[in-house]
Amino acid sequence: MTENPITKYIGNFIDELSLAGVTEAVICPGSRSTPLAILAASHPDINVHIHVDERSAAFFAMGMAKAIRKPVALICTSGTAAANFYPAVIEAHYSRIPLMILTADRPHELREVGAPQAIDQQFLFGNFVKFFTDSALPDNHPEMLAYIRSLAARAAGEAKKAPRGPVHINFPLREPLMPNLEDEPFQRLRNGSHVTVESGRFRTDRHELEALSDLIKETEKGVIVCGELQDDDAKAHIVSLSQAAGYPILADPLSNLRNGSHSKETIIDAYDSLLKEEQLKRELMPELVIRFGAMPVSKPLFQLLKQNPSIRQIIVDPDGGWRDPTQLSAHMLHCTEEEFAALAASAVKKRSGNWPEKWRFANSRFRALLRNLEAEDLTFEGNIYRNLQHLIPENSSLFVGNSMPIRDADTFFENQERSFRIFANRGANGIDGVVSTALGVYAATKEPVTLVIGDLSFYHDLNGLLVSKTLDIPLTVVLVNNDGGGIFSFLPQSAEERYFELLFGTPTGLEFEHAAKLYGGRYICPESSAHFADAYLSSVNRRGLDIIEVKTKRDDRVEQHRQLLDSAMHEIRKEWPF
């Protein structure tokens, strides 16, 4: 009887993944993937998470990788199972999240001959993965065991290499599929060959950095723009540069510069609203922009940069990417935030002048005016965020859905001393998989997670709630239900009254209390700010799933929002001292 090579072959691969730093694996049940699943589950250094829905599982794995910034393995069987990973793979690509997609496949002789559960899995994810290979068939010859270890190390290295992203390995597997665990594969195989993959960081020519430092020194009217940052250590260097140069920091919520113990003296949290007012925009027009991280969510900021090509833009990207949707950047630097900020800060002397004071005045007055407004009426969605921002626990995570939630967080979340991390899926900006990604963040961090999400996004990923029950993952969902696509009310499509509700408003009329019952969660629909605060604080301090549904009014949302901004801008213009 010929020995089945699957145990040693796949065992070597899984063991090498663990040595490369892969400690988490998300597994979707299936037959052809049996050796991958069993050997991952039996490895002493890998934690497995079982998810029966492939689309949700992929976003769950991505949420874990997003939180810990290390590759997470994602395993499924052959056929259309892997196709359900596609939306998450796209998001991981654009968000630079390291995922290791391991798909089982039919052996070559069963491909394209009508065999069941067999599709063409070659290059299934196209250019959205950094690396793809169809592995050799299992073979326990020493050279082939060295090959499969090398492949594991290489794939993990590619996922971690800047810019990070997903990789895909396809495994053709012949029956029998059951590995022999009595062979103690991992203890024995750890004595085999092992390769360590290390990647360096991009560096920019020092003369170029010095020239840009001189430009900063000569330019008084500059701002620093911060989108989502991949490196927490970058924040301190950016703040130091801001203080030295006298440049305000326009901080997107995902930069996590608005919250924490660091200095907020130069951090502007209301720039999205300020730049909507034409007079203020003229007063606050910069001559130089230094941008770190992804492009912020703010449309007024994007329009400012796009419509004013005279503004010189310096984009610092330590991953060597190209994040410039304006197509107007003057300098694209592939170096770390620390390298650029340290050299630039050392070359700049402390400035005098009213440039940063203009920004601080406008920002502080806007926030003061908002704080004086009544926040009890929860049918206005802005009040949800005004209340929530002061309730989020220290050392927890807030996951914000796309469309209106991330924009409302940008408008209403202000600087504060408490430390918590804000996440969102802003790579492709889709509404799919948001629930699952948030659950993945908790699975990786074991810290409380609050999810703020709209009703359509929530409906789109209701399947994701299952792992809250099966894996005992606590989650507090603040469900903002305006019964449809609220964001379209802010867009030109809203003027088309005849077809707006049919094509864009798309009300569903769903009763989400039933979702809580289906997945074993608790449900509450608060009617006041005090009731909301009580419900929220109770939920974040206990296990299980809590859905706090806030029913809002989509019909007058736009008018209320515009009246609020117009009132604040009127007061700022009236008090403008410059």
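This passage describes the cysteines, an annotated domain and some backbone features of a predicted model.

We may begin with the cysteines. The structure contains zero disulfides. For Cys76, the closest cysteine sulfur belongs to Cys28 and sits 6.3 Å away, too far for a bond, because a disulfide calls for two cysteine sulfur atoms within 2.5 Å. Cys76 is also buried, at 0% relative accessibility. Cys335 is likewise in no disulfide, and its nearest cysteine sulfur, that of Cys226, is 14 Å away. A relative accessible area of 0% places Cys335 among the buried residues.

Turning to annotation, an unreviewed UniProt entry assigns residues 13-122 to "domain: Thiamine pyrophosphate enzyme N-terminal TPP-binding". In the model, 37% of the chain over residues 13-122 is helix and 18% is strand. The C-alpha atoms at the two ends of this stretch are 20 Å apart.

The backbone offers some details that a computational chemist may enjoy checking. Most peptide bonds are trans, and most residues other than glycine have a negative phi. Against that background, the bond joining Ala162 and Pro163 is cis, with an omega of about -10°. Pro163 is located in the loop that runs between helix 5 (142-160) and strand 6 (167-172). Another cis peptide bond leads from Glu175 to Pro176, and its omega is near 0°. Here the proline belongs to the loop between strand 6 and helix 6 (185-189). Strand 6 thus borders the loop of Pro163 and also that of Pro176.

Positive phi values appear at residues that are not glycine. Gln327 has a phi of about 60° and is found in the loop between strand 11 (312-316) and strand 12 (331-333). With 59% relative accessibility, Gln327 is exposed, because the exposed class begins over 50%. Asn429 also has a positive phi, near 60°, and occupies the loop between strand 14 (421-423) and helix 16 (434-445). At 38% relative accessibility, Asn429 is partly exposed.

One further loop residue deserves a brief look. Pro507 lies between helix 19 (500-505) and helix 20 (513-518), in the connecting loop. Its relative accessible area of 42% makes Pro507 partly exposed. Pro507 is separated from Asp455 by 52 residues in sequence, while their C-alpha atoms are 9.5 Å apart in space.

Terms used
Residues numbered from 1 in each chain as written. Predicted model: local features only at pLDDT ≥ 70, side-chain atom pairs only at ≥ 80, totals over all residues. Heavy atoms only, no water. Buried < 20%, exposed > 50% of the residue type's maximum accessible area, 1.4 Å probe, protein only. UniProt positions renumbered as here; feature names shortened; annotations may be inferred. Helix = DSSP H or I, 4+ residues; strand = E, 2+ residues; numbered from the N terminus.
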